[in-house]
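This report considers the internal spaces of a protein model, then the nonpolar cores and the overall dimensions. The structure is shown below for reference while reading.

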Amino acid sequence: MNVENFGASERLVNAAYVRQGAQGRCAHELRLRVLLEQGKCPEDGWDESTIELFLHELAIMDSNNFLGNCGVGEREGRVASGMVARRHYRLIHGIGRSGDISAVQPKAAGSSLLNKLTNSVVLDIIKLAGVRTVTNCFVVPMATGMSLTLCFLTLRHKRPKAKYIIWPRIDQKSCFKSMITAGFEPVVIENVLEGDELRTDVKAVEAKIQDLGAENVLCVHSTTSCFAPRVPDRLEELSVICSNYDIPHIVNNAYGIQSSKCMHLIQQGARVGRIDAFIQSLDKNFMVPVGGAIIAGFSDSFIQDISKMYPGRASASPSLDVLITLLSLGESGYRQLLKERKEMFSYLSGQLRKLAEVYNERLLNTPHNPISLAMSLENLDKHSDMAVTQLGSMLFTRQVSGARVVPLGSLQTVNNYTFKGFMSHTNNYPCAYLNAASAIGMKKQDVDLFLKRLDKCMKTFRKEKSNGKDVPEMDNCTKHTSVGETED
């Protein structure tokens, strides 16, 4: 209520009580004003009542919620179900206009404000996470793969002769398909084995650029967050190469915001060379539903070009989800989540190492991977030809999600490209292994329960071997070599 309404209330309720209520309202409005003035994530998280008040204030600024609105167009924010309207806080118009996903809608001042604030708050969080010189970003209602495609399509207009994308191999389908969908030919650069780690073959990247001709290369498509034993690409070296040959550089940073090491690599790459854009998922980094990503970069004009490439308006749901989440957490809450993730990585690493030793396996030495770990299954693989895939099935039926069991020699065809040793990021990795990751939001009880169930599965193999049998019981389940394989 405004001042006049509070004054009128004093005729009905004791003036002292009304003034006290007005002061309470002012406390909420002060938070809103600071957010609007600064455009940054609040230091401390907001309570739900403040967030709901804010969303209500935004919603009543949209034309579909005007009391006297008379809509005669084809898109007037009409919603048949009240449940759907409540689910979206009556912010129905979405974001952007037909020519630019970041543009302001005349009929939807509230939704447009939501969009601008979300992008500003997310930019603040990216800087907090370690990429301090980032200049612009926007939330796009597509997952990481399609967001990468949008970046490649934008580059097409800047490099019309180019038809190749140089891609240090990472065995994950959506990032590979993002290049195919955009109409380009991926040039796969195999990784090199250094100890247990699979690392970027920088010399092979430069040699391929020279072989193809720099003008024929659309960009280098590198990766930070990945499954061990692959580790983040050598972004500094790749960025220098891209700068020297005047080739764009797009980084797949899918779940890298939660890792200070991944963010440091991006910051350093931009400092010493060239990074045009880096893309990250909302669900993996901020614990919101799947369906959104952040496209960020160091050139305002290029990020704006990408936003203008998006055809039509877009759903506001991903922007709404991440804004609510960050206002709830505040900077302090998000910092705490990042701190806990690092602690869980150390805990998971130590406990998985102990378990591996019990079964004469080992935790692979991958110090450059800050999120994912891998435990060898070399001796289990010797147990029988099917033992490794059996382990995947057993974990799956025991409700272990997110782990990946990687056998030797798997073949996978993706869009007519055949990968040997698929999921291991190389043609011939020395051993089969199991992946586990410490991602944001993981708790100690998650680690303990995973290790308990993994231990139980491994004991089954040991017991079956001692009884002279080749393989354990299947628990009447379907074979699963990957448990909860990530698709973005």
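The second largest cavity in this predicted model has a volume of about 30 Å³. Its lining is formed by W167, I170, D171, Q172, K173, F176, V414, F419 and F422, and by class these residues come to six nonpolar, one polar and two charged. In total, the structure holds two cavities of 30 Å³ or more.

Besides these cavities there are pockets, and the largest pocket has a volume of about 700 Å³. This pocket is lined by 24 residues, and those whose positions lie nearest its centre are S401, G402, A403, A437 and M442. Two or more lining residues are contributed by each of strand 14 (433-437) and helix 16 (444-466), with helix 16 giving the most, namely five residues. The composition of the two linings can be set out as follows.

| Space | Volume | Nonpolar lining residues | Polar lining residues | Charged lining residues |
|---|---|---|---|---|
| Largest pocket | about 700 Å³ | 14 | seven | three |
| Second largest cavity | about 30 Å³ | six | one | two |

In soluble globular proteins, nonpolar side chains tend to be buried together. In this model, the largest nonpolar core has 91 residues, among which I126, F152, I250 and F286 touch the most other members. Helix 5, which covers residues 109-129, gives the most to this core, with nine residues. When residues up to four places away in sequence are not counted, F286 touches I125, I257, I294, V322, T325, L326 and Y334. A second core, separate from the one just described, has 31 residues, including F345, L391, V405 and L454.

Turning to the chain as a whole, the secondary structure comprises 16 helices and 14 strands. The radius of gyration is 26 Å, close to the 23 Å that the globule rule gives for 488 residues, so the protein is as compact as a globular protein of that length. Along the principal axes, the C-alpha trace spans about 90 × 55 × 40 Å.

How many of the 488 residues, as a percentage, count as buried? The computed share is 54%. As for the contacts between residues at least 6 apart in sequence, 74% of them join residues that are at least 24 apart.

Notes. Residues are numbered from 1 along each chain as its sequence is written. This is a predicted model: local features need pLDDT of at least 70, side-chain atom pairs count only at pLDDT 80 or more; totals for chains, interfaces and linings use all residues. Side-chain values use heavy atoms; hydrogens and water are left out. On a 1 Å grid over the protein atoms alone, a cavity is a set of points where a 1.4 Å probe fits but cannot get out, and a pocket is an open set with protein on both sides within 12 Å along at least five of seven lines; lining residues have an atom within 4 Å of a point. Grid points are joined across faces, edges and corners, and a volume is the space filled by probe spheres set on the points. Helices (H or I, at least four residues) and strands (E, at least two) are DSSP runs, numbered from the N terminus. Ala, Val, Leu, Ile, Met, Phe, Trp, Tyr, Cys and Pro count as nonpolar, Asp, Glu, Lys and Arg as charged, and the others, Gly among them, as polar. A nonpolar core is a set of buried Ala, Val, Leu, Ile, Met, Phe, Trp, Tyr and Cys residues joined through side-chain atoms within 4.5 Å. Buried means under 20% relative accessible area, exposed over 50%, partly exposed in between (1.4 Å probe, protein chains only). Contact means heavy atoms within 4.5 Å. The radius of gyration is taken over C-alpha atoms; the globule rule is 2.2 Å times the number of residues to the power 0.38.
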